[in-house]
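Colleague: I am new to this structure and would be grateful for a guided introduction. May I put a few questions to you?

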Amino acid sequence: GMELEQIKIFAAAADAGSFSKAAARLYVSHSTVSRAVSALERELGTRLFERDCRGVVPTRAGKALLEGGKALLAEADFLKQRVAEKGEKICTDTARR
């Protein structure tokens with residue numbers, strides 16, 4: 001299934017207009033970006049980008065994923081913060097073991 005990390009990588013590529021620029025912004029390899037986008041395209045059964053020598057531009061399907069994906073990523077961040085606020089801290093002090 002689709003993973004948040006794949007959507008994050010896809011959104012970075014769409015915003016940057018380039019797999020290479022997205023890779024640099026995310027501190028991952030170009031092949032990591034390419035694999036994530038390819039996996040999403042296989043899962044969804046459609047191309048998400050038009051590719052040419054200048055870079056990448058989202059297709060109509062890509063634009064739909066970008067809009068919904070950004071909302072999903074924002075919701076995931078909100079949920080993470082909310083859970084962290086409500087939860088108890090985990091003790092990671094290894095000196096006491």
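**Helix contacts and charged pairs**

Modeller: To begin with the contact of α1 with α2, Lys8, Ile9, Ala12, Ala13, Asp15 and Ala16 in α1 touch Phe19, Lys21, Ala22, Arg25 and Leu26 in α2. Please bear in mind that this is a predicted model.

Colleague: How many nonpolar, polar and charged residues does the contact of α1 with α2 have?

Modeller: The residues listed on the α1 side include Ile9 and Ala12, and those on the α2 side include Lys21 and Arg25. Sorted by class, the contact of α1 with α2 has no polar residues, four charged and seven nonpolar.

Colleague: Are α1 and α2 parallel or oblique to each other?

Modeller: The axes of α1 and α2 are 8 Å apart, and the two helices pack at an angle of about 120°. The crossing of α1 past α2 is right-handed. Angles from 65 to 115 degrees count as roughly perpendicular and those over 145 as roughly antiparallel. The two helices, α1 and α2, are therefore oblique to each other.

Colleague: How is α2 oriented with respect to α3?

Modeller: Helix α2 covers residues 19-26 and helix α3 residues 30-44; their axes come within 8 Å and cross at roughly 110°. That angle makes the orientation of α2 to α3 roughly perpendicular.

Colleague: Which residues of α3 does α2 meet, and of what classes are the residues in this contact?

Modeller: From α2, the residues in contact are Phe19, Ser20, Ala22 and Ala23. Their partners in α3 are His30, Val33, Ser34 and Val37. By class, the residues of the contact of α2 with α3 comprise no charged, three polar and five nonpolar.

Colleague: Let us turn to the charged side chains. How many salt bridges does a search of the whole structure find?

Modeller: Side chains of opposite charge can pair when their charged atoms come close. One of the pairs joins Glu50 and Arg47, at 3.0 Å from N to O. Searched as a whole, the structure has salt bridges numbering four.

Colleague: How many residues apart in sequence are the parts tied together by Lys70 and Asp15?

Modeller: Lys70 and Asp15 form a salt bridge whose closest N and O atoms are 2.9 Å apart. Lys70 belongs to helix α4 (residues 60-86) and Asp15 to helix α1 (residues 4-16), so the parts that this pair ties together are separated in sequence by 55 residues.

Colleague: Is Glu41, the partner of Arg51, buried or exposed?

Modeller: The salt bridge of Arg51 with Glu41 has its closest N and O atoms 3.3 Å apart. This pair links distant parts of the chain, with Arg51 in strand β1 (residues 49-52) and Glu41 in helix α3, ten residues apart. Arg51 has a relative accessibility of 40% and counts as partly exposed. Buried means under 20%, and Glu41, at 13% relative accessibility, counts as buried.

Colleague: How accessible are Glu50 and Arg47?

Modeller: Glu50 has a relative accessible area of 40% and is partly exposed. For Arg47, the relative accessible area is 46%, and this residue is likewise partly exposed.

Colleague: Finally, where is Cys53, and how far apart in space are Cys53 and Glu85?

Modeller: Cys53 is placed in the loop between β1 and β2 (55-58). With 78% relative accessibility, Cys53 counts as exposed. Cys53 and Glu85 are 32 residues apart in sequence, and their C-alpha to C-alpha separation in space is 46 Å.

Notes
Residues numbered from 1 in each chain as written. Predicted model: local features only at pLDDT ≥ 70, side-chain atom pairs only at ≥ 80, totals over all residues. Heavy atoms only, no water. Axes fitted to C-alpha atoms, helices over the stretch in contact; angles between N-to-C directions. Helix = DSSP H or I, 4+ residues; strand = E, 2+ residues; numbered from the N terminus. Parallel < 35°, antiparallel > 145°, perpendicular 65-115°, else oblique. Contact = heavy atoms within 4.5 Å. Nonpolar A, V, L, I, M, F, W, Y, C, P; charged D, E, K, R; others polar. Buried < 20%, exposed > 50% of the residue type's maximum accessible area, 1.4 Å probe, protein only. Left-handed = near helix turned anticlockwise from the far one by under 90°.
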